[in-house]
Amino acid sequence: MGYARKVGWVTAGLVIGAGACYCIYRLTRGRKQNKEKMAEGGSGDVDDVGDCPGARYNDWSDDDDDNSENKGIVWYPPWARIGTEAGTRARARARARATRARRAVQKRASPNSDDTILSPQELQKVLCLVEMSEKPYILEAALIALGNNAAYAFNRDIIRDLGGLPIVAKILNTRDPIVKEKALIVLNNLSVNAENQRRLKIYMNQVCDDTITSRLNSSVQLAGLRLLTNMTVTNEYQHMLANSISDFFRLFSAGNEETKFQVLKLLLNLAENPAMTRELLRAQVPSSLGSLFNKKENKEVILKLLVIFENINDNFKWEENESAQNQFSEGSLFFFLKEFQVCADKILGIESHHDFLVKVKVGKFMAKLAEHMFPKSQE
């Protein structure tokens with residue numbers, strides 16, 4: 001009796017694994033034709049069907065050759081050091097293992113299948129594979145399958161109803177950066193849905209901590225910023241990031257152009273909410289923030305940063321809050337704006353900027369700031 005039960009469990013496991021592998025193959029085979037819909041957030045509300053105004057397409061790879069596909073899912077063990085004989089052998093074994101797995105999946109799949117949208121039954125098998133597998137390259141392939149399917153609004157509800165949100169969120173605890181990035185991408189696509197956001201909010205603190213502590217400009221950090229941007233499209237969960245605003249300004253000052261843009265989108269969401277104005281003004285900002293206003297900085301970075309400052313300036317009632325201004329500490333964004341002459345010198349330094357739009361935007365911002373900093377009663 002015990003032997004029969006054991007055989008039954010093994011058979012069930014093989015069936016689930018074979019079905020999930022087939023689903024993964026169907027999706028990864030056509031991923032170049034079907035771009036992954038990646039919502040980057042921005043202003044707007046998440047509606048009932050999960051559509052977001054800031055959605056765009058982002059493909060996984062521009063290469064379809066076998067070599068590039070193998071590289072995409074090969075995980076090398078930590079002892080496979082480049083340049084050593086043992087490392088070379090270990091890396092060769094890892095490549096061979098990934099190749100055998102890919103060929104096994106292809107052998108089970110229909111050679112004429114180009115359909116990349118999985119049925120609920122197939123999605124269930126892929127979720128089982130994510131939950132049961134410990135192999136990084138299998139997890140990566142399964143998460144790619146889920147991420148691409150989560151790009152479709154109707155699949156976001158299905159994946160949630162199948163219990164996929166906690167299954168994918170559990171993968172965030174992995175130390176493998178590639179697998180963690182793919183898990184963040186799946187959650188990012190799923191978060192373009194009001195009900196999914198309500199359930200994903202419990203993971204925001206973990207995602208925020210991982211994003212801030214990840215390697216600067218890394219793919220994991222960018223994926224985390226995109227997810228947080230989606231989660232702050234509405235005002236409902238923005239307060240959960242209040243204690244991390246200083247860290248976002250630090251990332252903005254230290255990051256490359258791509259990181260800067262993604263942080264700006266997140267901060268812009270916060271700045272449009274009057275309830276977050278005090279938290280933004282209370283945030284500590286790097287002393288290098290003013291140095292970003294120069295002719296060498298990207299025009300779009302300057303313009304978006306000015307929009308954030310304008311929104312904060314408009315939402316904060318300077319005269320009404322004059323008695324509460326001592327609540328802000330030195331080095332905060334409040335003092336950055338309050339020290340008008342210092343701020344003016346730094347911002348007016350780009351008055352000779354070659355772009356006319358930058359000049360106009362700077363002029364409008366300085367006029368608004370001057371109006372609040374120097375009330376008419378003091379003129």
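Pro166 sits in helix α7 of this predicted model. At 46% relative accessibility, Pro166 counts as partly exposed, because that value falls between the 20% and 50% cut-offs. Look across the fold from there and you find Leu187: 21 residues separate Pro166 and Leu187 in sequence, yet their C-alpha atoms are 9.9 Å apart in space.

**The chain as a whole**

Let's step back for a moment. The protein chain has 379 residues, and buried residues make up 49% of them. Its secondary structure consists of 18 helices and 2 strands. How much of the contact network joins residues at least 24 apart, among contacts between residues at least 6 apart in sequence? The share is 73%. As for the outside, the accessible surface of the chain comes to about 18,900 Å², and 52% of that belongs to carbon and sulfur atoms.

**From α7 to α8**

Follow the chain out of α7 (164-170) and you enter the loop that leads to α8 (177-190), where Thr174 is found. Thr174 counts as partly exposed, with 25% relative accessibility. Leaving aside residues up to four places away in sequence, Thr174 touches Val179 and Lys180. There is also a link to an earlier part of the chain: Pro136 is 38 residues from Thr174 in sequence, and the two are 9.5 Å apart in space, C-alpha to C-alpha.

**Three helix pairs**

Now for the packing of helices. Two packed helices are described by the angle between their axes and the distance between the axes. Here are three pairs side by side.

| Pair | Angle between axes | Axis distance |
|---|---|---|
| α8 and α11 | about 15° | 9 Å |
| α11 and α13 | roughly 20° | within 9 Å |
| α12 and α13 | roughly 150° | within 8 Å |

Start with α8 and α11, the latter covering residues 219-231. Do they run roughly parallel or roughly antiparallel to each other? They are roughly parallel, and α8 passes α11 in a left-handed crossing. On the α8 side, the residues that meet α11 are Pro177, Lys180, Glu181, Leu184, Leu187 and Asn188. Their partners in α11 are Ser219, Val220, Ala223, Gly224, Arg226, Leu227 and Asn230. Sorted by class, this contact has 6 nonpolar, 4 polar and 3 charged residues. Two familiar names turn up here: Lys180, which Thr174 touches, and Leu187, the residue paired with Pro166 above.

Next comes α11 with α13. These two are also roughly parallel, since angles under 35 degrees count that way. The crossing of α11 past α13 is left-handed. From α11, the residues involved are Gln221, Leu222, Leu225, Arg226, Leu228 and Thr229. They meet Glu258, Thr259, Gln262, Val263, Lys265, Leu266 and Asn269 in α13. How do the residues of this contact divide by class? There are 5 nonpolar, 5 polar and 3 charged ones. Arg226 of α11 is listed in the contact with α8 and again in the contact with α13.

The last pair is α12 (residues 245-254) and α13 (residues 257-271). Their axes cross at roughly 150°, which makes α12 roughly antiparallel to α13. This crossing is left-handed too. From α12, the contact is made by Ile245, Phe248, Phe249, Leu251, Phe252 and Ser253. From α13, Thr259, Lys260, Val263, Leu264, Leu266, Leu267 and Leu270 take part. By class, the residues here divide into 10 nonpolar, 2 polar and 1 charged. Thr259, Val263 and Leu266 of α13 are listed in this contact as well as in the one with α11.

**Two loop residues**

Just before α11 there is a backbone detail to look at. Most residues other than glycine have a negative phi. Asn217, however, has a positive phi of about 70° although it is not a glycine. Where is Asn217? Its place is in the loop between α10 (204-213) and α11. With 27% relative accessibility, Asn217 counts as partly exposed.

Further along, Ser288 lies in the loop between α14 (277-282) and α15 (299-315). Ser288 is partly exposed as well, at a relative accessible area of 32%. Its C-alpha atom is separated by 9.4 Å from that of Arg250, a residue 38 places away along the chain.

Notes: Residues numbered from 1 in each chain as written. Predicted model: local features only at pLDDT ≥ 70, side-chain atom pairs only at ≥ 80, totals over all residues. Heavy atoms only, no water. Axes fitted to C-alpha atoms, helices over the stretch in contact; angles between N-to-C directions. Helix = DSSP H or I, 4+ residues; strand = E, 2+ residues; numbered from the N terminus. Parallel < 35°, antiparallel > 145°, perpendicular 65-115°, else oblique. Left-handed = near helix turned anticlockwise from the far one by under 90°. Contact = heavy atoms within 4.5 Å. Nonpolar A, V, L, I, M, F, W, Y, C, P; charged D, E, K, R; others polar. Buried < 20%, exposed > 50% of the residue type's maximum accessible area, 1.4 Å probe, protein only. Areas by Shrake-Rupley, 256 points an atom, 1.4 Å probe, with all protein chains shown as cover.
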